[in-house]
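Here are my notes for your review, set out as numbered points. They take up the ligand site and then the aromatic pairs.

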Amino acid sequence: MTLANVITLVKPDDWHVHLRDGDMLRMALPWSARVFGRAIVMPNLDPPVTTAARAAAYRDRIRRVLPGGSGFEPLMTCFLTDETEPKDIAQGFAEGIVMAVKMYPARSTTNAAAGVTDVRRVSRVLERMQAIGMPLLIHGEVADPETDVFDREKAFIDRVLVQLRADFPALRIVLEHITTAQAVDYVQDAAGPIGATITAHHLMINRNAMFAGGIRPHMYCLPVAKREGHRLALRKAATSGDPRFFLGTDSAPHLVQDKESACGCAGVFTAPVALELYAQVFEEERALDRLEAFASLNGARFYGLPPNTETVTLEQSPWQPPELLPVGEADHVRVFCPEGKARWRLLEPAA
Ligand code: NCD
Ligand code: ZN
C-alpha cells in the first residue's frame, strides 16, 4: 500500500550487517531486530568466525541476546581464509548453519587481517561452493596500498572479479556495499548469478561529507564514499527495480573513542534509522513503489528464501533519532543521520 505519506511493505531483511559481540551486540541487535526479519551477519569478529562451529556458537550468542518474542533470524556467514576447509563450510551449509562465505581481501578493512591473500589459494573452496550453490559475499576492494583509495573497488573488479567469475561462472556472488558507477554497470550487465547490496549511507552522502568544515570521522567507512556521480548511479540502481540490487545496510558500530582518534576506524552505524533513510531516498527519487522490491523481495529471491510474511509500516513524519547510544558502562556509539532528523518514521506493528 502506498498513500502519499504512509507506506506498508513486506517486512524487509538486511543482507549485510555487523552485529559484533558482547556489550556491542547487546546494544546493536535490538535495532536490527526491530525492523528486519532476517539479516546476513558478517563474520569479522576478533578473532573472525572462520568455521561452521564458530558460526553456530556465534548464532547462539546472538539468539541469547535477542529481545523476547522477536522472530528475527540471524543468517550466519564464515570468514574465508587461505586455510578454509571446503568440507567444513559445505557441511555447515548442508546443516543450515552457514548461509554464505564472506571474502575479504587480506587487510582490506576492520578485522580483515586474516583475509584471502590470493584468490588462487581458495580455489578448492570456491569450486565446492559453486557445486553446492553456496553464495560468496565479496568485500570488493583491492587492499594494495599503492592503489588510490578511491579506485580500489574498480581495481578489484578489473583485476580480480572478472577473472574469478570466468573461472567460476556458476558461483553465486554478492558484491557487497557497492560504491561506484563501475560496480553498478558491472553487476547490471554481467551474465550469471550475481547481485549487489547497497547501503543507505552510500545513497545519502558523497565523499565531501568526510571533509565538510573539517575531518568527519563518523562519515568514514569502507569502501569509502565516492564522488557525487557515483552516488547518483547508486541511487538509480537501487530504485530501478532491477532484482540484482538489494538492501544491505553494512551497519557497523564502533565506539566513539575509536572513531574520533588519530587512526579512526571505518564503519558507520545506521541500524536505528536505516529503513527510514532508505525510504527517504526512494521518496526523493519518486520510487517509493519500488522500495519493497529492493528492501524485502530481491534479496530473499537471490538467497532462495521466501519473503517474510509480516509487514512493516512507515509514515512520513519527521523525528529525531537517538544521536549517541550507550554501550556497556561508559562508552557510546554515534548513530548516522546526516540531516539530524529522519523524515520517515517506523510505526510499531499493530498489536
Ligand atoms: C566494517 C566494520 O566495521 O566491520 N566497516 C566498514 O567501514 N564497512 C567492515 C566492512 O564491511 O568493511
Ligand atoms: Zn560490512
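1. In this predicted model, the surroundings of ligand 1 comprise 15 residues, of which Asn44, Thr109, Leu222, Asp250 and His254 come nearest. By class, the shell around ligand 1 divides into nine polar, four nonpolar and two charged residues.

2. Polar side-chain atoms approach both oxygen and nitrogen atoms of the ligand, as the following distances show. Threonine 109 places a polar side-chain atom 2.7 Å from an oxygen atom of ligand 1, and histidine 18 has a polar side-chain atom 3.1 Å from an oxygen atom of ligand 1. For aspartate 250, the partner is a nitrogen atom of ligand 1, which lies 2.7 Å from a polar atom of the aspartate side chain.

3. As for exposure, ligand 1 taken alone exposes 310 Å², and the protein buries 100% of that area. The site itself is the largest cavity, in which ligand 1 sits.

4. Turning to the aromatic residues, a search of the whole structure finds six aromatic pairs. One of them joins tryptophan 15 and tyrosine 303, whose ring centres are 4.7 Å apart and whose planes meet at 10 degrees; because planes under 30 degrees apart count as stacked, this pair is stacked.

5. How far apart in sequence are the parts that this pair ties together? Tryptophan 15 belongs to strand E2 (residues 14-17), whereas tyrosine 303 belongs to helix H11 (residues 291-303), so the pair ties together parts that are 288 residues apart in sequence.

How values were computed:
Residues are numbered from 1 along each chain as its sequence is written. Chains are lettered from A and ligands numbered from 1 in the order in which they are written. This is a predicted model: local features need pLDDT of at least 70, side-chain atom pairs count only at pLDDT 80 or more; totals for chains, interfaces and linings use all residues. Side-chain values use heavy atoms; hydrogens and water are left out. A residue is near a molecule or strand if one of its heavy atoms lies within 4 Å of it. A polar contact is a pair of N or O atoms within 3.5 Å; within protein, one must be able to donate a hydrogen and the other to accept it, and residues adjacent in sequence count only if both atoms are side-chain atoms. Accessible areas come from the Shrake-Rupley method with a 1.4 Å probe; for residues, only the protein chains shown count as cover. On a 1 Å grid over the protein atoms alone, a cavity is a set of points where a 1.4 Å probe fits but cannot get out, and a pocket is an open set with protein on both sides within 12 Å along at least five of seven lines; lining residues have an atom within 4 Å of a point. A molecule sits in a cavity or pocket if more than half of its atoms lie within 2 Å of its grid points. Ala, Val, Leu, Ile, Met, Phe, Trp, Tyr, Cys and Pro count as nonpolar, Asp, Glu, Lys and Arg as charged, and the others, Gly among them, as polar. Rings of Phe, Tyr and Trp (its six-membered ring) pair if their centres lie within 6.5 Å; planes under 30 degrees apart count as stacked, over 60 as edge-to-face and the rest as tilted. Helices (H or I, at least four residues) and strands (E, at least two) are DSSP runs, numbered from the N terminus.
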